Amino acid sequence: QVHLVESGGSLVQAGGSLRLSCAASISISSLNAVGWYRQVPGKQRELVATITGGGTTDYADSVKGRFTISTDNAQNTVYLQMNSLKPEDTAVYYCSAQYMYGPTPARSWGQGTQVTVSS
């Protein structure tokens, strides 16, 4: 199983920036895809951004142009650079990896990191 550890969440003012990190227990390049998701109490977890093993990225409409997902294969780490933050970006942010566990597709989640954007 792949273990993921997020970090970088904090309290920031609207308009500010944060960079979240997701450290994986195995090589990022061996994963099918890695994504950042977020969740607020009472709502479903939503996709924020994904990056495939081939480097293809995708973003939720609400963060396009403000957030950037990237990888550092040497550090086995996936980043989420968040700029121009808004109060509605406040949530617990989770990292998730998709990979093959033998012949079986699998998914792992990190424990989450809190991002709070004050107005």
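Find Gln98 in strand β9 and look across to strand β10: its bridge partner there is Arg107. This is a predicted model, and that pair is a handy place to start exploring it. Strands β9 and β10, the latter covering residues 104-109, run antiparallel to each other and pair over six bridges. Now follow the chain to the turn of this hairpin, where two residues sit between the strands. Gly102 takes a positive phi there, near 65°.

Next, let us look at charged side chains. The model holds four salt bridges, and Asp89 is a good guide to them. Asp89 forms a salt bridge with Arg38, and the closest N and O atoms of the two are 2.9 Å apart. Asp89 sits in the loop between β8 (77-82) and β9 (91-101), while Arg38 belongs to strand β4 (residues 33-39), so this pair ties together parts that are 51 residues apart in sequence. Are these two residues buried or exposed? Asp89 has a relative accessible area of 1%, so it is buried. Arg38, at 6% relative accessibility, counts as buried too.

Asp89 has another partner. It also forms a salt bridge with Arg66, with closest N and O atoms 2.8 Å apart. Arg66 lies in the loop between β6 (57-59) and β7 (67-72), and Asp89 in the loop between β8 and β9, so this pair ties together parts that are 23 residues apart in sequence. Like Asp89, Arg66 is buried. Salt bridges with shared partners join Arg38, Glu46, Arg66 and Asp89 into one network.

Now turn to another salt bridge, the one between Lys64 and Asp61, where the closest N and O atoms are 3.2 Å apart. Here Lys64 is partly exposed, at 48% relative accessibility. Asp61 has a relative accessible area of 65% and is exposed, because exposed means over 50%.

Finally, visit Leu20, which is found in strand β3 (residues 18-24). How much relative accessible area does Leu20 have? The value is 0%, so Leu20 is buried. Which residues does Leu20 touch, leaving aside those up to four places away in sequence? Among them are Ser7, Gly8 and Gly9, along with Trp36, Val78, Tyr79, Leu80 and Met82. Tyr93, Thr113 and Val115 also touch Leu20. You can also compare Leu20 with Thr116: they are 96 residues apart in sequence, and their C-alpha atoms are 13 Å apart in space.

Definitions and conventions
Residues are numbered from 1 along each chain as its sequence is written. This is a predicted model: local features need pLDDT of at least 70, side-chain atom pairs count only at pLDDT 80 or more; totals for chains, interfaces and linings use all residues. Side-chain values use heavy atoms; hydrogens and water are left out. Helices (H or I, at least four residues) and strands (E, at least two) are DSSP runs, numbered from the N terminus. Buried means under 20% relative accessible area, exposed over 50%, partly exposed in between (1.4 Å probe, protein chains only). Two strands pair if DSSP finds at least two bridges between them. Contact means heavy atoms within 4.5 Å.
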